[in-house]
Amino acid sequence: MIRSITQQKSEEEILRLLEGLGRVFIIGCGTCVTLTHTGGEPEVEAMKERLSDKGKLITGGVVLPVACDNLTGDALSKYGQQIAQADVLFIMTCAFGVQTVARQLKKLVVPALDTLFIGKETALGQFDEICLQCGACILGETGGICPVTSCHKGLVNGPCGGTNNGKCEIDSAKDCAWTLIYNRLKDLGTLDAMRRFQQPRNHQGEPKPGKLVISAS
Amino acid sequence: MVSSFKKALESGKFVVTSEVAPPKGTNLEKMVHHIELLKDKVDAINITDHQSSVMRFPSLGGALLIKEMGGEPILQMTCRDRNRLALQADLLFASSRGIHNVLCLTGDSVLLGDHKEAKSVFDLDSSQLLAAIRRLERGKDLAGNDLDGGISFCAGAIVTPEANPLEPQLIKFEKKIEAGTEFIQTQAVYDLDRFKQFMDYARQFPAKILAGIILLTSAPMARFMNKNVAGVNVPQEPIDEMASAPKGRAIEKGIEIAGRMIMRIQEERMCDGVHIMAIGREELVPDIMAAARLV
Ligand code: SF4
Ligand code: SF4
């Protein structure tokens, strides 16, 4: 399942963002951020305590089932009074949740988390970024492993000179995508796909911001 | 316009290149001094492009300076900092100013340098940059539009003969050859028997190969490279040799080792020449060449 992978902002940044905002309503989410322990029930409770210690008044808090859902506004209406009393909605969801709340409520929002990437849980407690939604998919030529995402430099013609014992030059904990792709294509007996010269990529497959309208015909 | 470096490559002589690094700032004195020392001794001088992703005076400016001083520059260009518009524009400029050698590199990650929060580009990769040069030479830009006034380059690239795993690196190497590279500078080699094995493979291709020689300055430096530089393997023997040098004489030992390696490469005709790097100690390159009896 696609997951939004998040990390809590530093205390320093949180306090800077909340400066002058004394009354705080906290929103968590029961989906991705619960999985990554960044905005589930326990984290929201802990944040209430932390912010109270820093002199904030917590007007209330809730962990929504799916914060990025279009019904989030309705789900929050139950807390109308607590929200009305707050100076700010402090949101412990991914940026999709933050923006969903911001669209539906006329209220200042402050994110508690940084959204790192849209990824997948590849092993227990391990999350990997595997697709950047580039709009020009080349998985068919790379054995189903995405170099645009998995190679730090997004190279499509093979490894750079920094590849080191199968690891990436930026971090020995990260695999070199091109070692993975090579091994995979070799296993499949399709190394010729790697020998084919890839032309410069179309980086405007879907110009930012992406938008798709399906006509009802 | 055939560059003198290209002529040297084609002449069949044992080609020697070296490199200088632009300064961090506008004080060009040291770079000028290094160019002065090298320009009449080597066949061409590489000028590095924000080496290790550290922001510096541009390689294009350095190449121009080499040219103005009567030397033969090899402009290093990485794909890290410029998109295809900027890369093509810089090639047009270089060619218009008499810079006719270019070395195409992917470029290190910005995370390895001193501007770690910078946006990295990699719009093209090194093989695509090579192909772009060949296309510009045919009078068309990457969008297929005609150029008013052409360019001409002797274009090169790099290879790491001791990359691990090696096969993916060789596939990329062959793509660079296909894209039209005329010469290849290798990552530093120290184990010449292994380098010979690489050359047994590489000789089938039309590109000229220059073996990378990096001056060892101390035993710890050699160990550091083994640990931290991808694809560099300094065998135990030269490390021991460096360690055995009397205090304060390690550099001399390093020069002796580099000179000996170059001599052997030349005597056995292992490849077409050498690219000598004395990172930060460029003034020692003439001594290395003397130790190799090249001057
Ligand atoms: S090439 Fe990679 S980033 Fe682009 S759509 Fe395919 S998987 Fe996603
Ligand atoms: S080491 Fe591998 S994954 Fe990392 S940038 Fe180079 S080719 Fe890409």
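## The main nonpolar core

In this predicted model, the largest nonpolar core has 84 residues, and the members that touch the most others are B:Phe173, B:Tyr190, B:Phe195, B:Phe198, B:Ile265 and B:Val274. If you're wondering who gives the most to this core, it's helix α10 of chain B (residues 250–267), with eight residues.

Take B:Phe173 as a way in. Setting aside residues up to four places away in sequence, B:Phe173 touches B:Val159, B:Ile184, B:Phe198, B:Tyr201, B:Ala202, B:Phe205 and B:Ile209. There's also a second, separate core: it has 30 residues, including A:Ile26, A:Ala67, A:Leu76 and A:Ala112.

## Next door in sequence: B:Glu174

B:Glu174 sits in helix α6 of chain B, which covers residues 166–178. With 28% relative accessibility, B:Glu174 counts as partly exposed, because the partly exposed class lies between the 20% and 50% cut-offs.

Beyond its neighbours up to four places away in sequence, B:Glu174 touches B:Tyr201 and B:Phe205, and both of those turn up among the contacts of B:Phe173 too. For a sense of span, B:Glu174 and B:Phe57 are 117 residues apart along the chain, and their C-alpha atoms are separated by 32 Å.

## The open sheet in chain A

Over in chain A, four strands make an open sheet with parallel pairing, and the order reads β3-β2-β4-β5. The edges belong to β3 (57–64) and β5 (109–111); each has a single partner strand, so one side of each goes without a neighbour in the sheet. From one strand to the next, the twist averages 25 degrees.

Now for β2 and β4. Strand β2 (residues 23–29) and strand β4 (residues 88–91) of chain A run parallel and are joined by four bridges. Within chain A, A:Phe25 has A:Leu89 of β4 standing opposite.

## Helices on the sheet

Two helices of chain A are worth a look here. Helix α3 (residues 41–53) lies across β2, β3 and β4 of chain A, and runs at about 170 degrees to β3. Helix α6 of chain A (residues 95–104) also packs on the sheet, touching β2, β4 and β5, and its direction makes about 180 degrees with that of β5.

## Around ligand 1

What surrounds ligand 1? The residues around it are A:Cys131, A:Leu132, A:Gln133, A:Cys134, A:Cys137, A:Ile138, A:Leu139, A:Cys146 and A:Thr149. By type, that shell splits into seven nonpolar residues, two polar ones and no charged ones.

## Two buried residues in chain B

B:Ser109 lies in a loop of chain B, between β4 (101–105) and α5 (126–137). Is B:Ser109 buried or exposed? Its relative accessibility is 0%, so B:Ser109 counts as buried. Leaving out neighbours within four places in sequence, B:Ser109 is in contact with A:His152, A:Lys153, A:Glu169 and A:Ile170 from chain A, plus B:Ser53 and B:Arg80 from chain B.

B:His275 belongs to strand β8 of chain B, residues 273–277. B:His275 is buried as well, with a relative accessible area of 1%. Apart from neighbours within four places in sequence, B:His275 is in contact with B:Thr17, B:Ser18, B:Glu19, B:Asn46, B:Gln185, B:Leu210, B:Ala211, B:Gly212 and B:Ile213. And how far apart in space are B:His275 and B:Gln187, C-alpha to C-alpha? The two are 9.4 Å apart in space and 88 residues apart in sequence.

Definitions and conventions
Residues numbered from 1 in each chain as written. Chains lettered and ligands numbered in written order. Predicted model: local features only at pLDDT ≥ 70, side-chain atom pairs only at ≥ 80, totals over all residues. Heavy atoms only, no water. Pairing = 2+ DSSP bridges. Axes fitted to C-alpha atoms, helices over the stretch in contact; angles between N-to-C directions. Contact = heavy atoms within 4.5 Å. Core = buried A, V, L, I, M, F, W, Y, C linked by side-chain atoms within 4.5 Å. Buried < 20%, exposed > 50% of the residue type's maximum accessible area, 1.4 Å probe, protein only. Near = heavy atom within 4 Å. Nonpolar A, V, L, I, M, F, W, Y, C, P; charged D, E, K, R; others polar.
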